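Trainee: I'd like a close look at one spot in this model, the strand pairing around a single residue. Start there, then work outwards to whatever else helps me read the fold.

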Amino acid sequence: MPPRIPAAALALLLSVPGCSGGGADAARPGAKVLRIAMSEEPPQLDSTRATDQVSIFVLGHVMEGLTRYGRAGEIVPGVAERWELGDRKAVFHLRERARWSDGPPVTAHDFVFAWRTAVDPKTASEYAFILYPVKNAEAIASGKLPAGALGVRARDDRTLEVEFERPTGHFLALTAFATYLPLREDFYRARPGRYAADAPDLLSNGPFVLSRWVHGASLTFEKNPRYWDEESVTLDRIEVPYITPDANTVYSLFKDGKIDSTGLGRDQLPLAQADRFRMRAFSTGSAFYMEFNHRPGKPTANLHLRRAIRLVFHPGEFVSKVLGVPGTLPGTRLIPRWVRGVAEPFVREHPLDPVRPDLVAAKAELALARKELGGTLPPLLWLTGEGAGASREAEYVQYLLSSRLGLTLKIDKQTFKQRLAKMTSGEFDVVSAGWGPDYADPMTFADLFASWNENNRGRWRNARYDALIREAQGTVDPARRMDAMAEAERILLDEVAILPTSEGGAVYVLSPRVTGVVRHMVGTDPDFTRARIAEGAR
Amino acid sequence: MIAYTLKRLLAGVVTVFFIATATFALMHAVPGDPLAGAKVRSPEIRANLQARYGLDRPVLVQYAVYMRNMAKGDFGISFTQQNRSVNDIIRQHFPVSAVLGLLALGFATLGGVLLGSLTAQLRGRMTDRTVLFLVVVGISVPSFVFAALAQEGVLLWNAWAGTTVLPVAGWGTFRAMILPALSLGLGTLAFLTRLMRSSLLEIVSQDYVRTARAKGLPGWRIFLFHELRNGILPVITLLGPALASITTGGFVVETVFAIPGLGRYFVQAVQALDYTVIMGLTVFYGAFLVLMVIAVDIAYGWVDPRIRVAKEGGA
């Protein structure tokens, strides 16, 4: 839509330079409106195809699945009010009051249709794999079976039956994921290829509806009066009047009082400090690590060399001196501290002895490595991405390896897509890598290094590790699952298949009038659905 | 005249064809996979995606299909926004870039002609030197640096005034457009000032100006009807290409001021290897630039018969 330039605007500008223009401020008095900026416009609001943070943020505010994440990251009932989860199947009972924003109830058929659509090869959903625990999903995505063969059916309008391909202990975390959201068939089919392309083309069943979307410029979410839990939603509206990836601009908008919250990059931290804003740190849920190349012929395929590197690397020093972002934690394991085990954090239920830096032991390992590799150690190739953070990390490791071990590190900085291509083809010795969780369960990290997982870019293979992951994937018994994954993680770390560096953290600022904002490690983040605005505040 | 116009337009179509072909070839030669994401897709999911975008067919077939669709005016569906056509992206965001570009160019032309005339009149004096110094600064400081500084300044101004004097960022009201247009037009303004000044200085010593002065015409008449009218010609020549370059070159300013212009989509598409958007926008921008150049040539030929005759004779 071309921008409208009101004829009166010029006169206004010339006569009243101090007037605070703009419709947002002139909204009806007492309306509780939260304003934020977005880094980009949501690329994909069709839930069967959404993969990125921004789209999932929007979907988390306008949609609701069978389950969702609560304040503490626990799984809470969503459209389903209760369920029975077994080894072979699960039954979900949908709540009577769950409604679409245009009136009709959300039924079990809406889930059946959505899931079939997501695994249909014609949809070409990148996240079809997340439905693979459902019977026949993989065969359908591979074109071997029709979409109708998917192991999900509506016993009646309010009962959804799911048949599993294999026992899936983390299924309730999966049903909170975007790909599992419901879609109403008549609405979807009425917009061939255009579902969710604009605000009127998206049907909601969540706390808000997307009422306005000016591409690239702004989005408006209005409270959904038909949402079953609408009493818990106190905001009248969420406005996104600005979309830009420029972090300095967004910070300026916050400072100017135009938005209520924003994340801070490393460059904005000192500014916010000087401006005396209250900063809040939180954990983003991601794990970061050095991924070694284990392909034959690579120096990093040598265990002693990897051990030597681990013995000189100090995650605590790395996080405080190099990353310097509050909320970031030293990486000591594959599975981050926030992930739950059976009842408590996984790392507390399965403690590990920390590895302490030890220069003498490191040099002994290096000597062994040199002997096994035939006397000389070639320079190591460090593959990393663009950006100042990636450079700082690379230079730190370069300095560390050269000063402590006399190793040479060559840095290969690549754009995102090129780096992915080189990771897949194995053109690296060490790559600075990370993983953002898809669901709140250790398995989202644990199966990464199974030999069949294509995200295992270093091609590390360990039969015992594979067997343990299979074991954890073969049962819904929480204790057995957690034990198997803990044992697998121990093997991974003993073998230094990867070297954990940090657990992602970030900092944000929030207007003092806003409370009840929840930060999640997985799914919708930040979560403003139950945010509150103080009475009488601007 | 009509034959000349047709000939130029035909040459333009051929140019655009070559732009499209070269972009297609370069885009496929760039390393990296448009379908690669942070998380590896399994083979069957990859295959489904490739089939959806026709990437499972030989490159030459892809090229043929693409060119045929393009000839029909269909640029295809974006790889990143899978339910949005490239045509929609152009339709919705080019007007924003165009409005911003026109405003910036208007500001640059007005300012350039005014300052150029002023410095030419006051040659060698303090005002002249100060403006010339600022012109050098304006040409050398990139627009995004000025944009960031201007934003910081407005932030301070707003805080001092206790109200919104000018918006820090955003789009939709005229007031929101002022700062971005100034930032974007500053370089061109500086350039046009210098051009205008040198053009006027050359004219001041022409015979007809001396004649006018000898006839005893008042200074303002000489300036308006003899000096300015002729001195402004080089500026007009530059307006077409300047509009194209301002309109297509504003992506950094668009990012800084959170403006939903086309430039941002272009840059994002290149980073994401979004084939259809890269192709669509390159061809569109290419065609726009070619059209601007042709428009200026035709307009110029229409204004100045000598040029038309020379071109027709030469062709």
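Mentor: Let's start with Met290(A), which stands opposite Ser432(A) in E16(A). Bear in mind that this is a predicted model. E16 of chain A covers residues 430-435, and E12(A) pairs with it in the antiparallel sense over six bridges. Met290(A) also stands opposite Leu499(A) in E17(A). That second pairing, between E12 (residues 279-292) and E17 (residues 498-510) of chain A, is antiparallel too and runs over 10 bridges. So much for your spot.

For another bit of strand pairing in chain A, try E7, residues 159-163. Its covered face holds Leu160(A) and Val162(A), while Thr159(A), Glu161(A) and Glu163(A) sit on the uncovered one. The general background is that in a regular strand the side chains alternate between the two faces of the sheet. E7(A) has an antiparallel partner in strand E5 (residues 89-94) of chain A, with five bridges between them. In that pairing Thr159(A) is the bridge partner of His93(A). Strand E6 (residues 152-156) of chain A also runs antiparallel to E7(A), with four bridges, and Arg153(A) stands opposite Glu161(A). E6(A) and E7(A) are linked by a hairpin of two residues.

Now hop over to chain B for some helix packing. The axes of H7 (residues 174-204) and H9 (residues 219-231) of chain B come within 8 Å and cross at roughly 130°. That angle is why H7(B) counts as oblique to H9(B). The crossing of these two helices, H7(B) and H9(B), is right-handed. On the H7(B) side the residues that meet the other helix are Met196(B), Ser199(B), Leu200(B), Ile203(B) and Val204(B), and on the H9(B) side they are Glu227(B), Asn230(B) and Gly231(B). Sort that contact by class and you get four nonpolar, three polar and one charged residues.

Last stop, the place where the two chains meet. Chain A puts 53 residues into the contact and chain B puts in 46 residues. On the chain A side, helix H1 (7-15), strand E10 (237-243), helix H7 (247-255) and helix H14 (416-425) each supply at least two residues. Don't mix up that H7 of chain A, at 247-255, with H7(B), at residues 174-204. By class, the side of chain A that touches chain B splits into 26 nonpolar, 17 polar and 10 charged residues.

How values were computed
Residues numbered from 1 in each chain as written. Chains lettered and ligands numbered in written order. Predicted model: local features only at pLDDT ≥ 70, side-chain atom pairs only at ≥ 80, totals over all residues. Pairing = 2+ DSSP bridges. Axes fitted to C-alpha atoms, helices over the stretch in contact; angles between N-to-C directions. Parallel < 35°, antiparallel > 145°, perpendicular 65-115°, else oblique. Left-handed = near helix turned anticlockwise from the far one by under 90°. Contact = placed C-beta atoms within 7 Å. Nonpolar A, V, L, I, M, F, W, Y, C, P; charged D, E, K, R; others polar. Buried ≥ 20, exposed ≤ 12 C-beta atoms within 10 Å, placed from the backbone.
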